Amino acid sequence: MKRILITGGAGFIGSHLCTRLIEEGHEVICLDNYFTGSKTNILHLLGNPRFELVRHDVINPYHAEVDQIYNLACPASPIHYQYNPIKTIKTSVMGAINMLGLAKRVGARILQASTSEVYGDPAIHPQPEPYWGNVNPIGIRSCYDEGKRCAETLFMDYHRQNGVDIKIIRIFNTYGPRMHPNDGRVVSNFIMQALRNEPITIYGEGQQTRSFQYVDDLIEGMVRMMNESGDFTGPVNLGNPHEFTIKELAEKVIEMTGSHSRIEYRPLPSDDPRQRQPDIKLAGEKLHGWHPTIELEEGLRRTIAYFQTLI
């Protein structure tokens, strides 16, 4: 049994990770300031004596004796991270500094939840880990993209300079139950619009591509990376390499919900990536053959069932 700290633990991904680690018998401290996280995501854990919920913002230091730290705290959808861009980049940078400082003091292993956004609008397809990316440092998405890139820098420097035991993952588009219904991400947008028979909004012509990973596959990869026994620090891509156009996703959601929605096209936002697909060969080599096992249709079925309970 380990004592594990999860920042952003009441969020979409964090709450699934809390559940997984509690089920494995660990003690879990869940830190969240509830900007995008919600207590409803972890209500089922509140009565467990091995689960502790703390309202805290990682911009401020936090002290606890722990064995492992998962640093997930940061708004991840464009609507939320662009709402207060200065706060977003402070969360990534100062949050990383505070959690790395804690890991250094107590000798904990720490995992950084980075993002495929570090690749920007990629000139290489699919994106392998050695690719440095094509990122606009002054655009409307930069607070998130560059914040996460800086966090990776801090993790590597704390590792090289101070010997902190680090792991870095890069998360590609992930979906599933407990997504915020109004977070502006494409899967939740399409499902909510379809269930309400509202027009499904596609930006551009819908030919930009994404690969969608179900949350359970991501959690499995995260846990394997944290417990990887070698000196592999990452970064490592965690995503589903099966690629779909945004238009194909919209049509699939309409079909699966039996919706009467029509597709409505709108102008493409600034710096929206044209392609996003992970190269996951490294994850397969380093994480005991890890690969996604839940296909899009099954994952959408589970996610649609969750959103139906909200309407």
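**A chat about strands, helices and cysteines**

Mentor: Leaving out residues up to four places away in sequence, E27 touches M1, K2, R3, I4 and R50, where contact means heavy atoms within 4.5 Å. This is a predicted model, in which local features need pLDDT of at least 70 and side-chain atom pairs count only at pLDDT 80 or more, while totals for chains, interfaces and linings use all residues. Residues are numbered from 1 along each chain as its sequence is written, and side-chain values use heavy atoms, with hydrogens and water left out.

Trainee: Which strand does E27 lie in?

Mentor: E27 belongs to strand 2, residues 27–32; strands (E, at least two residues) and helices (H or I, at least four) are DSSP runs, numbered from the N terminus. The C-alpha atom of E27 is separated by 8.6 Å from that of L5, 22 residues apart from it along the chain.

Trainee: And is E27 buried or exposed?

Mentor: Neither, because its relative accessible area of 28% makes E27 partly exposed. Buried means under 20% relative accessible area and exposed over 50%, with partly exposed in between, using a 1.4 Å probe and protein chains only.

Trainee: Changing topic, how covered is strand 5?

Mentor: Strand 5, residues 109–115, is mostly covered, since seven of its seven residues are buried. R109, L111, A113 and T115 point one way from the strand, I110, Q112 and S114 point the other way, and all are buried.

Trainee: What does strand 5 pair with?

Mentor: Strand 4, residues 68–71, pairs with strand 5 in the parallel sense over four bridges, and L111 is the bridge partner of Y70 there. Strand 5 also runs parallel to strand 6, residues 166–171, with six bridges joining them; two strands pair if DSSP finds at least two bridges between them. In this second pairing, I110 stands opposite I166.

Trainee: How does the chain cross from strand 5 to strand 6?

Mentor: The chain goes through helix 4, residues 142–162, in a β-α-β crossover that is right-handed. That term applies if, with the strands pointing away from the viewer, the path from the first strand over the helix to the second runs clockwise.

Trainee: What is the span of helix 4, and what covers it?

Mentor: The end C-alpha atoms of helix 4 are 28 Å apart, which agrees with the 30 Å that its 21 residues should span at 1.5 Å a residue; the expected span is 1.5 Å times one less than the number of residues. Its buried residues include C143, Y144, L154 and F155, and what covers the buried residues includes strand 4, helix 2, helix 3, strand 5 and strand 6. Helix 4 is followed by G163, whose phi is positive, near 70 degrees.

Trainee: Where is the kink in helix 3?

Mentor: The kink in helix 3 is centred on T91 and comes to about 25 degrees, the bend at a residue being the angle between axes fitted to the seven residues ending there and the seven starting there. Helix 3, residues 85–106, nevertheless reaches 31 Å from its first C-alpha to its last, close to the 32 Å expected for its 22 residues. T91 is among its buried residues, as are M99, L100 and L102, and the buried residues pack against strand 1 (3–7), strand 4, helix 2 (78–83), strand 5, helix 4 and strand 6. G107 follows helix 3 with a positive phi near 75 degrees.

Trainee: Now cysteines: how many disulfides are there?

Mentor: The count comes to zero disulfides, a disulfide being a pair of cysteine sulfur atoms within 2.5 Å. C30 is in no disulfide, and the nearest cysteine sulfur, that of C18, is 4.2 Å away. C30 counts as buried at 0% relative accessibility, and C18 is one of the buried residues of helix 1.

Trainee: Why is C150 not in a bond?

Mentor: Because the closest cysteine sulfur, in C74, is 12 Å from the sulfur of C150, which is too far for a bond. C150 itself is partly exposed, with a relative accessible area of 30%.

Trainee: Last one, what is S211 in contact with?

Mentor: Leaving aside neighbours within four places in sequence, S211 is in contact with N173, N240, P241, H242, E243, R276, Q277 and P278. S211 is found in strand 9, residues 209–211, and counts as buried at 0% relative accessibility.
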